[in-house]
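Q: I would like a close look at a single part of this model. Please go through it residue by residue where that helps, and then set it against the rest of the chain.

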Amino acid sequence: MRRIQHEAESNTKRVFVGASIVRRDVSNFQGTLLDNEGRLVAQSGCISCANPPCVKVEIQQRIVESCPVKAISIQPTTRQVQISDKCISCGICALRCPIGAIEWTQDGPALVHTVLDASNVQNVASTDQEKWLLGLKLDKSTSLDSIRKVAAQITNNLKREKASVFYPLVASYLQILGLEASASNMGDTSSRADVTISTSLGTVPVEVKSFTEVKSVNLKSIQQALENKLFTARQDQESKLNGLSSLALAFSYPSDRTGLEELIEDVDGAFGIRIGIISLPRLIEAAISFNCGSIDFDSDSLIKLKGLF
């Protein structure tokens, strides 16, 4: 567990001397400050990051908004993060917050905690803040059962969202897993795939189905994943296939998986193309588990996936 110990000069930011940040309960993602002996000091609060990842992140040399519905903004005078009623309870901002200052809620806007206990605080110069954040480790303990419950609730919250919101959300969950994922612009004919993952080996296309389109991965999803792979290979000017997957994601796995699994094997045998299937709850569960330190994520398990994730 990394301790926060920082000598500084200005009064722009406040943290606890010798404190560590822990997320003990994944049910809301909020951080807890502990002292050197592991005793509870206070709940974590917003420190007004210089470049708050809950608001914007850099993906593939582009600055993109973290919130798919633009519910997050910065208060001009206080620099505090604020979340509007447009929030869809997807959990992205809470997962992106580096110190656990945002509390996810099941059926309303996420809560940004701003007040830290006034006792035993240490100032951190704003110029040193980014370095401090990079060096900070969030140690979190939780149970797989609670992660699954939260993933199921978030999945249920997202059933009403259309593709224009859902595709960037899927890209965001993949980004939390450390992948360079980006959603295509609606109506952009230069990219067949709804989401793409950029790797050093090439591009992984992701066929995404919102709940309003189709509930489960089906035969058409596999067909489109195959077409996406062939299109991407031509676009990347590959002389031969690179061994990376083409993924298909929907809200649930098919009830009868036998036929699709056989088709995936046939596609691999005939064309040498790996097709991977992901359900939204499984992706969210993996993102939360990785973010909360419950699992180590191997990117190959996804970008080279064949069959079910």
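A: The part chosen is the second largest pocket, followed by the residues around it and then some other sites in the chain.

The model is predicted, so local features need pLDDT of at least 70 and side-chain atom pairs count only at pLDDT 80 or more, while totals for chains, interfaces and linings use all residues. Numbering runs from 1 along each chain as its sequence is written, and side-chain values use heavy atoms, with hydrogens and water left out.

The second largest pocket holds about 440 Å³ of space (the volume filled by probe spheres on grid points joined across faces, edges and corners). A pocket here is an open set of points on a 1 Å grid where a 1.4 Å probe fits, with protein on both sides within 12 Å along at least five of seven lines; lining residues have an atom within 4 Å of a point. The lining has 21 residues, and V64, E65, P68, P168 and A183 are the closest to the centre of the pocket. Three elements each give two or more residues to this lining: strand 6 (62-65), helix 4 and strand 13 (180-183). Helices (H or I, at least four residues) and strands (E, at least two) are DSSP runs, numbered from the N terminus.

Which element gives the most to the lining of the second largest pocket? Helix 4 does, with seven residues. By residue class, the lining divides into 11 nonpolar, seven polar and three charged residues (Ala, Val, Leu, Ile, Met, Phe, Trp, Tyr, Cys and Pro are nonpolar, Asp, Glu, Lys and Arg charged, the others, Gly among them, polar).

A183, one of the residues closest to the pocket centre, sits in strand 13. A183 is partly exposed because its relative accessible area is 22% (buried is under 20%, exposed over 50%, partly exposed in between, with a 1.4 Å probe and protein chains only). Apart from neighbours within four places in sequence, A183 is in contact (heavy atoms within 4.5 Å) with Y167, P168, A171, D194 and V195. P168 is also among the residues closest to the pocket centre. V165 lies 18 residues from A183 along the chain, and the C-alpha atoms of the two are 9.9 Å apart.

Helix 4 covers residues 163-176 and includes S172. S172 counts as buried because its relative accessibility is 6%. Residues up to four places away in sequence aside, S172 touches S66, I92 and R96. I92 and R96 are the two ends of helix 1 (92-96).

The loop leading to helix 1 from strand 8 (81-83) contains S89. S89 has a phi near 60 degrees, which is positive although the residue is not glycine. Most residues other than glycine have a negative phi. S89 is buried, at 5% relative accessible area. K70 also has a positive phi, about 55 degrees, without being a glycine. K70 lies in the loop that joins strand 6 to strand 7 (72-74). Is K70 buried or exposed? At 54% relative accessibility, K70 is exposed.

Further along the chain, L280 belongs to helix 7 (residues 280-291). L280 is buried because its relative accessibility is 0%. Beyond four places in sequence, the contacts of L280 are T155, L158, F166, Y173, L249, A250 and F251. F166 and Y173 fall inside the range of helix 4, 163-176. S252 is 28 residues from L280 in sequence, with 6.6 Å between their C-alpha atoms.

L305 is in the loop between helix 8 (300-303) and strand 18 (307-308). This leucine, L305, is also buried, at 8% relative accessibility. Neighbours within four places aside, L305 is in contact with S245, L247, R274, I275, G276, I277, I278 and D300. One of these contacts, I275, is 30 residues away in sequence, at 6.8 Å from C-alpha to C-alpha.

The whole protein has eight helices and 18 strands. Of its 309 residues, 51% are buried. Among contacts with a separation of 6 or more, 68% join residues 24 or more positions apart.

The mean pLDDT is 78, and 72% of residues reach 70 or more (pLDDT is the predictor's confidence in each residue, from 0 to 100). Residues 117-126 have pLDDT below 50, and the model gives this stretch 37 contacts beyond near neighbours in sequence. Residues 132-141 also stay under 50, with 35 contacts beyond four places in sequence.
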